[in-house]
Each structure stands twice: as structure tokens, then as C-alpha cells.
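Q: Please take a close look at a single part of this predicted model. I should like one connected account of how that part is placed and what surrounds it.

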Amino acid sequence: MNHAPHKDYGGAKLGMWLFLFTELLLFSGLFLLYATYLSRYPREFTAAGRDMHVGFGTLNTVILITSSLLAAMAVTAIQRNERRNVLLLLGGTILCAVTFLCNKYLEWSAEIGNGIYPGSPRLANGPPGESVFYSLYYITVGLHGLHVLVGATLLAVVAVRVKRGTVHAGDFVLLENGALYWHLVDLIWIFIFPLYYLIL
Amino acid sequence: MATVQPTPTSFWNDTGKTGITSWIFSTDHKRIGLLYFYSTFGFFLVGVLLGLLLRIELMAPGRTIMGPATYNATFTVHGVVMIFLFIIPGMPGAFGNLVMPIQIGARDVAFPRLNLFSWWLYAIGAVIVLTSLFTGGGPPDTGWTFYVPFSARTGTNVSLAVLGVFVIGFSSILTGINFVTTIHRLRAEGMTWGRLPLFVWSIYATAWVQVLATPILGITLVLIMAERILGAGLFDPGRGGDPVMYQHLFWIYSHPAVYIMILPAMGVISDVIPVFARKPIFGYKMIAFSSLAIAAAGSLVWGHHMYTSGMSDTAILVFSFLTFVVAIPSAIKVFNWVSTLYKGSISLEAPMLFALSFILLFSIGGLTGLILGAAATDIHVHDTHFVVGHFHYVMFGGAGFAFFSAMHYWLPKFYGRKYAEKPAVIAWAFMFTGFNILYFSMMVLGLKGMPRRYYDYLPEFAPLNLVSTIGSWILAVGLIIMLVNLFRGLFWGEPVGSNPWGGATLEWSIPTPPPTENFDQEPVVTHGPYDFTKAGVP
């Protein structure tokens, strides 16, 4: 059953875009809950939102936007057949992802140290809206963090392929799709950041 | 490419290898289709068995064969198995995979390895669901809807079952992505959108629903796990959550999901009716369009499951209106099928009998759906056996009978052998009779006020419950005859040629069983899917 390998770039891109849609829809359920509960508990949401560490959030936003830029540059570099640059740029992207997750770890440790986590006694005794806010925050950001991890792994796989030469200037749809996925991870954060850190 | 065209070998013996690995690691859409067929149909039989047990329990008031806790687990597992393990993956996974690529003139789907991965995800999800039955606190007892707050608190193994369903949902998304891409990119030359067989149109609409709705199921299931494991309290009123929000999220997926179940079924019927009526389909464009219309409008009606849960009157009115809107494209299909039959030269063979009974049973199911969709009547029959009857008319009488029709219509093509006609008709007669006795009694019981999912009932409901249970046995007898006849025929029956039914779609133009590459050269399509004259069929 040796199907002659057929490469359909248009098809591969279409499939990837459909997949990105499903990822957005996955998060949309959480945004829907956010909208509903914000309208029900505006005061508690505002109070909790003011306690968020805006510094951490801003830093992570800058890191992710930078990483997206690096990923996009990697796609351009491979079209110019600059393999070394592709590897450096992908390495930079992955480094950004790791830094992002480390920051997240520090931020969450601080929060948990203050007794703020889903099901904690402090939240159980606080106002109801506050518990909903933090539970949503942890689940949304946790799920996003998981996507950062998946995206970074994907880019690492792509980098190995680039090094081996199976992804090259003549066939780079895998890198392009990997970068698309990474932009999605970035995009979702661009919505999470203002909703939890800024507008409240 | 070799200049001499070798005789095409069938996909059954192309590799020279037999063994299980030549199947479970195959990327051939036909093999994957059969994998899906056997795995989903196996779960269908498990579901049937559980359903029969439920009917025996309800045969008489009080305890018959099982205690209340077992009863709760049985109806939950019956629902989970039938919906998530059989009917959602079944039709797209089995017949979508087997037939759709050939019908559009393609060699395979767009992403063959992803296709195999989807089946693996399905298999892994199924194993997780099965594991949940025998470990931890025992099988889930929440009903297949996993409603909070009960699902967040019950001691049974809900988390694991939900994880299994999550994995299966991921498989469903990947199948959807694969099929949408395939239908966009791999149509043969001349296979324009206006020449797509209607089964392909329905698989296309289904694939979009799979892509757009299933992620919401994913996040909903993640949230149940968060409730149980983290104690997130997002749906816990004691901590500011709202259980009704869970119901919204659940039905935003699960209502469109019923169209994942019924749309491919409608596609089968649209392909079978013209072949056995010897007439081009009536209203091709409207049937194709109505599939998309059902997929679109069906995504906006989830609220009709929640009229009694606490919504504003405006919301109820809007959801009720939209529910009635969905009835329009469904009716368009029914009228077009009936018009196709008009003055046709109808041959009543097994696939056609199942297709004709689909029209009747689906119409009953659809019209009783409007009784539930109208808020005023829904208040009276909500959560009664009327809902159970309605649902089975659409899902079993509709999707199930279409699945049987597809089995009789397409499986001989892939096995090269055919079942015996007479036992198939007898089996159909048993099933059709048993089905109506079984589920029509349920609808009457519901109108009289018997609630669904109750372990025990008042004595005045006893006679009809007994009738219903007897119906389930007649149905089971028919099912056994059908299975024995069908599979005996597929393995040892009379050999069939490439076009046993006289169909005009592309799958009938290639050898039986199909060669691995489907077509020895890329087909060029010059006529529509139901143009029997141009296809050279007498």
C-alpha cells in the first residue's frame, strides 16, 4: 500500500486553519462563562482583577509577542534557505515559551502562597464572585499554559526536522503550520491578558 | 509509473500481509472505514443489550432484575455507549470513510495518517470509557448528559468516563477536519459541487458541525473534571456558580451533535431512494442546501432542552422559533424523497425497505420533536417517556435504520458478496414492527405522565410498559436475523458484480471489492450522481 507521497500545500493549510478554529472555540466556552459571570458579579470581579499581578502579565505579553515575531521570521528565513537562522529563531521562540512558563510558575506560586487557588479555604469563605473569578482564571490560564507547552514541543520537533533537512526551502509547510499554531497561542493570550489583568 | 497497467488487486489482499497489524496500522480509508464499522457496531450491540436489560427492568413495577443503583448506571452507560461510541463516530467514521472518497473520485482522504490517528483516538477513548465502568466508584450514574451538580458530587467514576468522551470528541474533530479538507481539495476532475452525491453533501455538512461544535463539548467535559478534581465551583451555586450555565454549554454541543447523527443518515437515504426508484433525485439542489441549512440553524436551538431549567421568556420564545425553523429544511428533504418516489419504478429490496421506513419513522420523530420544541406543550411532556420515545424515533428509527440501509447497500460492494434477500426482508419486518411497539408505547406513556429515568412507576403505567418490553424482544429477534443473514452473506454469500443495484455514483464504476487505489486512473466525471442514463445503467 505505497501511496505515492502527494503533497497538497493548500490542503495542509486548510486543515490547519480548521484546527485553529476548533482551538478558538475550545477557549470560547471559557470566555462565555467569563462574560456571564462578569455581568452577574461585576463588583467581585473588579476587586479580584485589581489584585492581579499586572507586572507578570505585561512581561509575559511582551515575551509572547516577541516569540511570535521570531516564529514568523523563521518562516521567512526558511524560504531564503538560511537553515542556521531558522534554527536560531526557533530556538529563540522556544526559549520565550520556557521563560513564559517560568514566569507563570512564579506568579502562580505567589497566588497559591496567598491561599488563592480553586477550592481553597480562603476563597470558600470569600464572596461567591471572587471564587468564580479565580477558578475561571486558573482554568483558562492553565489551559493556555498547556497550549504553550504543546506549541513549544511542536516547534522543537520542527527544529529537529529542519536540522535533519526533511523540512527545507522546498517543503516547509510543517514549519508554517507550527508557526500558525504558535500565533494562535499568542492570540489567545492577547485576549486573556486584558480580560483578567487590565480592564477590571 | 509503469506503462503496463497491472490488474488492480482488491484492498483485501494488496499487501500480501494479513494479520491484525495490516489493519490497525493501515492508512487506507477502506480499511479504516471497516475498523470504524466493526468497533462502532460492536458498541451498538453492547448498547442494545443494555437497552434490553432496561426494558426488562421496567416490564413491571418494582424490582424485576436489578436494583435502583444498577438501573441508574445501566441507563447512563446505555446512553454514553450509544451516543458517543456508536452513533456519532459510526456513520461518518464507517460509511463516510468507506464511501465518501470513492464517491468524489479520490484515492484516499486528504490526511490518511491523521485518519488512522482519529481511529486510534476513538479506540483509546473507548477503552478509557470501558475502564471507568469497572474501576473507582463504579460506572457513572448521571445519565449521558452528565448534569451538574450531581455529576460533580456523585461517588461513581464520572471523571474517567468524561475523559474518555473527551478523547473521542478529539477524534471526531479530526475526522471533521479531514473530511472538509478532502471534499474541498480532492474532488476528481469534473466532480463539481453540483455533481457531488448527496451522501457527500451530508458528510460535508456533518464534518462542519463536528469541527464547530465538538470543541465546546471538550471544554464542558474539562470543566466537569475541574469541578470534581480541583473543586473549582464554577457550577456550584454555593460558591457563586450557576448549574444552568453547565446546561447551556452542554447543549451548545449536544444539540448540534444530534445533527452529526442524523445528517449522514439523510445522505444515505438520498442516495438509496433514487437508485431503488430508478429515477433521478427530485430537488437535488434543495436537498444539498437543506443539509447546510440544518447544520447552520441546528447550531442555534440548544435552548429548547432547557425550557424548564430557568430561562427568560424571551429566550424561550426565540429558541422555540428557531426550533421550528429547523423543521423547514428537514421537511424539504422528506418532501423531495417522496417526490422522487412518485411514478418511480420502485424495487422493494432490503436497503430500500430500511430507507422507506426511515422516512416514516423520522417524520414521526421530527413531528413529535415540534411538540417538544413548542414551549407550551413541552412543559407537560418535559422529562417524560415522551422524550425517550421521540428521541429513539429520530435516532434509532432515523439514524439507526439508515445505518442498516447503508449496511445492506454498501457492504456487499466492499466484501464482494451479498446477503440473501428474503431473510433480510423478514428481519426488516420484525424490526419495523418491534420498533414501533417499543417506542410508540413510550410516547403514550409519556403523555400519560410517566417520567423518564425513574426506576419505579405507578401501577396504571404497567400494561403499556409490558407492551413496550415485548416490542423490544420483537426488535431484538429482527436484529439477530439481520445480523446472521448479513454477515453470513458477506463472508459466504453469492458473489456480486461491480454494480449490483444499478447506481450511478462513482463507487459503482470500479471493481468489487475496490482496489487499493480505488481508480486505476483518475476519473473524469461527466454526469451527475443520479443520471442513470448517462452512467449507462439500464
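A: In this predicted model, the buried residues of helix H9 of chain B pack against three helices of chain B, namely helix H7 (198–230), helix H8 (243–277) and helix H10 (313–341). The buried set of H9(B) opens with B:Tyr284, B:Ile287 and B:Ala288. It continues with B:Ser290, B:Ser291 and B:Ala293, and it ends with B:Ile294, B:Ala295 and B:Ala297. An α-helix has 3.6 residues a turn, so residues three or four places apart point the same way.

As for its dimensions, H9(B) covers residues 284–297, which amounts to 14 residues. From its first C-alpha to its last it reaches 20 Å, close to the 20 Å expected at 1.5 Å a residue.

One of the helices that receive H9(B), helix H7 of chain B, contains B:Thr206. B:Thr206 has a relative accessible area of 0% and is therefore buried, the cut-off for that class being under 20%. Leaving aside residues up to four places away in sequence, B:Thr206 touches B:Pro92, B:Ile260, B:Leu263 and B:Pro264.

Beyond these packed helices lies the question of how chain B meets its partner. In the interface, 33 residues of chain A are in contact with 41 residues of chain B. The size of an interface is often given as the accessible area lost when the parts come together. For chain A and chain B, the buried area is about 3100 Å², and carbon and sulfur atoms give 73% of it.

Specific polar interactions are also present. The rule finds two salt bridges across the interface of chain A and chain B. One of them joins B:Asp242 to A:Arg40, with the closest N and O atoms 2.8 Å apart. Seven residue pairs in polar contact are found across the interface, with both residues at pLDDT 80 or more. On the side of chain A that touches chain B, helix H1 (9–40) and helix H6 (128–164) of chain A each supply at least two residues. The largest share of that side comes from H1(A), with 18 residues. By residue class, the side of chain A that touches chain B divides into 19 nonpolar, twelve polar and two charged residues.

Helix H6 of chain A also holds A:Val150. A:Val150 counts as partly exposed because its relative accessibility is 44%. The C-alpha atoms of A:Val150 and A:Gly126 are separated by 35 Å, the two residues being 24 residues apart along the chain.

How values were computed: Residues numbered from 1 in each chain as written. Chains lettered and ligands numbered in written order. Predicted model: local features only at pLDDT ≥ 70, side-chain atom pairs only at ≥ 80, totals over all residues. Heavy atoms only, no water. Contact = heavy atoms within 4.5 Å. Buried area = accessible area lost by both parts, 1.4 Å probe. Salt bridge = Lys/Arg side-chain N within 4 Å of Asp/Glu carboxyl O. Polar contact = N/O pair within 3.5 Å; in protein donor to acceptor, adjacent residues only side chain to side chain. Helix = DSSP H or I, 4+ residues; strand = E, 2+ residues; numbered from the N terminus. Nonpolar A, V, L, I, M, F, W, Y, C, P; charged D, E, K, R; others polar. Expected span 1.5 Å × (residues − 1). Buried < 20%, exposed > 50% of the residue type's maximum accessible area, 1.4 Å probe, protein only.
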